[in-house]
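Let's take a walk through this structure together. Have the sequence and the model side by side as you read.

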Amino acid sequence: MDLNSLTIESTRTAIAEQRCTASALVEQFYGKIKAEDPGIHAYLTLCEDRASRQAKVIDDLTQKGAPLPPLAGVPVGIKDVMVTKGVRTTAGSKILENFIPPYDCTAVARLEAAGAIVLGKMNCDEFAMGSSNENSAYGPVRNPRDTSCVPGGSSGGSAAAVAAGMAVATLGSDTGGSIRQPASFCGVVGLMPTYGRVSRYGLIAFASSLDHIGPLTKTVRDAAILLRVIAGRDPLDSTSADIPVPDYEAELAKPVSGLRIGVPKEYFGEGLDAEVRAAVEAGIQKLRSAGCEIVDISMPHTAYAIPTYYVIATAEASANLARFDGVRYGHRAKGARTLAEMYRKSRDEGFGTEVKRRIMLGTYALSSGYYDAYYLKAQRVRTLLTRDFAEAFQKVDAIVTPTAPTPAFKLGEKADDPLSMYLADIYTVTADLAGVPGISVPCGNTQSGLPIGLQVLGRHFDESTVLRIGHAVE
Amino acid sequence: MKVTDKDVTYVADLANLELTDQERQRMLKDLNSVLDYIDRLNELDTSDVPPMAQISDKFGESRTAYPWREDTPRPSLPHAEALKNAPESDGDFFKVPKVIEK
C-alpha cells in the first residue's frame, strides 16, 4: 500500500475489505519510520508492543466479521505532551527523560477505543514552548518538504509525520498556534477545536486556560472524523463542555454558499510575506466563487495579542511547571545537600533555555509589585481581544486569515532571537486567547515549493462551519 | 532597563532556578527585550474592562455545560504505581534530602 496517500477513509476501507491486515499495515509503517525518520526525527518513542496488541484486536474483529469501530486500524502518532500508560512521555524535556505515565490521556484513550493504533510519540518543542521545534531537548525535527527548514512548532513532529506519510493522522496541542502553524509549514491540515471541546485530561499542562488538543491530518474530512472521536464531556476535566458533538463528517456535505466570511485587515498588514498573501487571497477568491459573501472587517486589538499571550501563557506556565521538583517523578540532580538545593539543581539541569526564560518571565509577571501591571493588565486586554471576535461574529459566520506570516523558515534562522520567534504566532494566538476554533488548510505553495496555510476561525463550538469552509478551500 | 541583575536573582529564587552566570546575562537581555514589547499593552485604556481568567467564564453561568461531578469517593492511583517514577523512595514514602539544617 502507498502509505503517503493513505487517509482515515482509505485505511478503514482497506482494513474492512481485508485487503490488508492491521498487523501488516503497522509493520509497513514501522518499516517506513525506521527507514525515513532518521532524516526527519518526527518520532521520539515507538510503542511497537502496544501497536501490535491493538492491531491484533482489530484483526480478530475483521476475521470474525464483527462490526468495526470508526478508526479501525488507523495508525496514529501522539504528541509527546499527552501521557500514555506504560509508554515513555517526555514533553520534549530532559526533566521527563525516563517518565513512564501510570495512566492514559483521555483523547488517546478515545482514539484507541475507536480502533486507532498508536505507533509512537511525536517530537515537539519542550513543554510545547516554541514555534520551530528547535526547543526539543532531543533535537530538532526537519520539514519533510524541505529538510533545511523547520516544520514549525510546537507540534512539529506531529505535522512532519503526517506530511511524510509516517502516520495517517496525529494529535497535537495548541496553546498559541502549535497545531495550526506547523500544519501550515508542512502542508497538512491542523485543527484547534474550541476551548472545552476536547478534554485536556492527561495533557501535560503548559498554560491551562489556553491549552487545546486537536488533530493533524491530510484532509479536512479526516480532521472531522478524528474530532468527533475525541470531542465531548469528560468528567476528568471540569473545563470540558457537556455540549452535544455533531457528526462533523456529515456536516461537510452542507454547501458553503451564502456563508458570510470576514477578512480582517489587521491580518494582512506589515510583515506578511507577499507569496503567502497571494495564496490566501486566491483561497478567499475560491470561497467567493463558491457563493460565500466576503466582508471586510476590523479586529482592532489584534496587534496586542502577542504581548497579552506572552504574559498570560508564561504566568500560567510558571505555576504549572512548579510541579517539576525532582521528588515524585522526573530528573533529580545528584549530590544536593538540602531540599531547596535539590529543587534548584534538578530544575536547572532538567529544563532547557526557552522553558527557563518563560518560567522567569511568568514568575516576574506574577511577582509582588508587578501583578497588576502585567498579569491583570493582560487579562483585561484578553477581554478586549475576545470582544473583537464576539463583535465580528455578529456580522460574519467565520473569519479567514493567513495561518502564519511566512512559509517555513530555515533551521537556526530565529533561534537566537526569542521575540522574532514569538511573532511567528502572530495570526494564531488570538484564537487561543478567545477560545474560538480554528483550522489551517493548505492553500498553495511558494515558488520554491514550500506550503502555505489558510486559517479559518469560527464561533465557539461551531467547528462544523470551520471544517466546511476549510473543506471548500482544500 | 526594567529588569536589573538583582531582579534576575530574586525571580530565579522565586522560581527555584539557579542559572549559571552566562544564563543570567542572557536572561537579563531577553527579559528586558520581551518586557519592552509587552509594554505596548499600556497604550490601551483598560480601566473599565474586566479581567478574564478563562474562556469558560463566558459559558460558566450555565452549570449544564460545565457540570460538577458528584462528590463520591473513587479509587485513586495505587500506592506502588504512584511511587514507580520517584527518583528515590523507601517503598512507603518519597525520599528527599533533609529539610531542616542544624
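Before we look at a strand, one cut-off: a residue counts as buried if 20 or more other C-beta atoms lie within 10 Å of its own. Keep in mind, too, that this is a predicted model.

With that in hand, go to strand S4 of chain A, residues 169–174. Six of its six residues are buried, so the strand is mostly covered by that cut-off. In a regular strand, side chains alternate between the two faces of the sheet. So what about the two faces here, covered or open? Both faces of S4(A) are covered. On one side sit A:Ala169, A:Leu171 and A:Ser173, and on the other A:Thr170, A:Gly172 and A:Asp174, all of them buried.

Now for the strands that pair with S4(A). Strand S2 of chain A (residues 75–79) pairs with S4(A) in the parallel sense, over three bridges. To find your place there, look for A:Val76, which stands opposite A:Ala169. Strand S6 of chain A (residues 212–217) runs antiparallel to S4(A), and six bridges join the two. Here a handy landmark is A:Thr170, which stands opposite A:Leu216 in S6(A).

Next, zoom out to where the two chains meet. Chain A puts 56 residues into the contact and chain B puts in 46. On the chain A side, the elements that give two or more residues are helices H10 (305–320), H11 (339–350), H12 (353–366), H13 (371–395) and H14 (418–422). H13(A) gives the most, with eleven residues. Sorted by class, this side of chain A has 29 nonpolar, 14 polar and 13 charged residues.

One helix pair across the chains deserves a closer look. H10(A) packs with helix H2 of chain B (residues 21–38) at an angle of about 125 degrees, their axes 9 Å apart, which makes H10(A) oblique to H2(B). Which residues of the two helices meet? From H10(A) there are A:Pro307, A:Tyr310 and A:Val311, and they meet B:Val34, B:Tyr37 and B:Ile38 of H2(B). By class, this contact has six nonpolar residues, with no polar and no charged ones.

Finally, stop at B:Ala12, found in helix H1 of chain B (residues 5–14). Why is B:Ala12 called buried? Because 21 other C-beta atoms lie within 10 Å. Leaving aside neighbours within four places in sequence, B:Ala12 is in contact with A:Met360 from the other chain, and with B:Leu17, B:Glu18 and B:Leu19. B:Arg24 is twelve residues from B:Ala12 along the chain, and their C-alpha atoms are separated by 9.1 Å.

Technical notes
Residues numbered from 1 in each chain as written. Chains lettered and ligands numbered in written order. Predicted model: local features only at pLDDT ≥ 70, side-chain atom pairs only at ≥ 80, totals over all residues. Contact = placed C-beta atoms within 7 Å. Helix = DSSP H or I, 4+ residues; strand = E, 2+ residues; numbered from the N terminus. Nonpolar A, V, L, I, M, F, W, Y, C, P; charged D, E, K, R; others polar. Buried ≥ 20, exposed ≤ 12 C-beta atoms within 10 Å, placed from the backbone. Pairing = 2+ DSSP bridges. Axes fitted to C-alpha atoms, helices over the stretch in contact; angles between N-to-C directions. Parallel < 35°, antiparallel > 145°, perpendicular 65-115°, else oblique.
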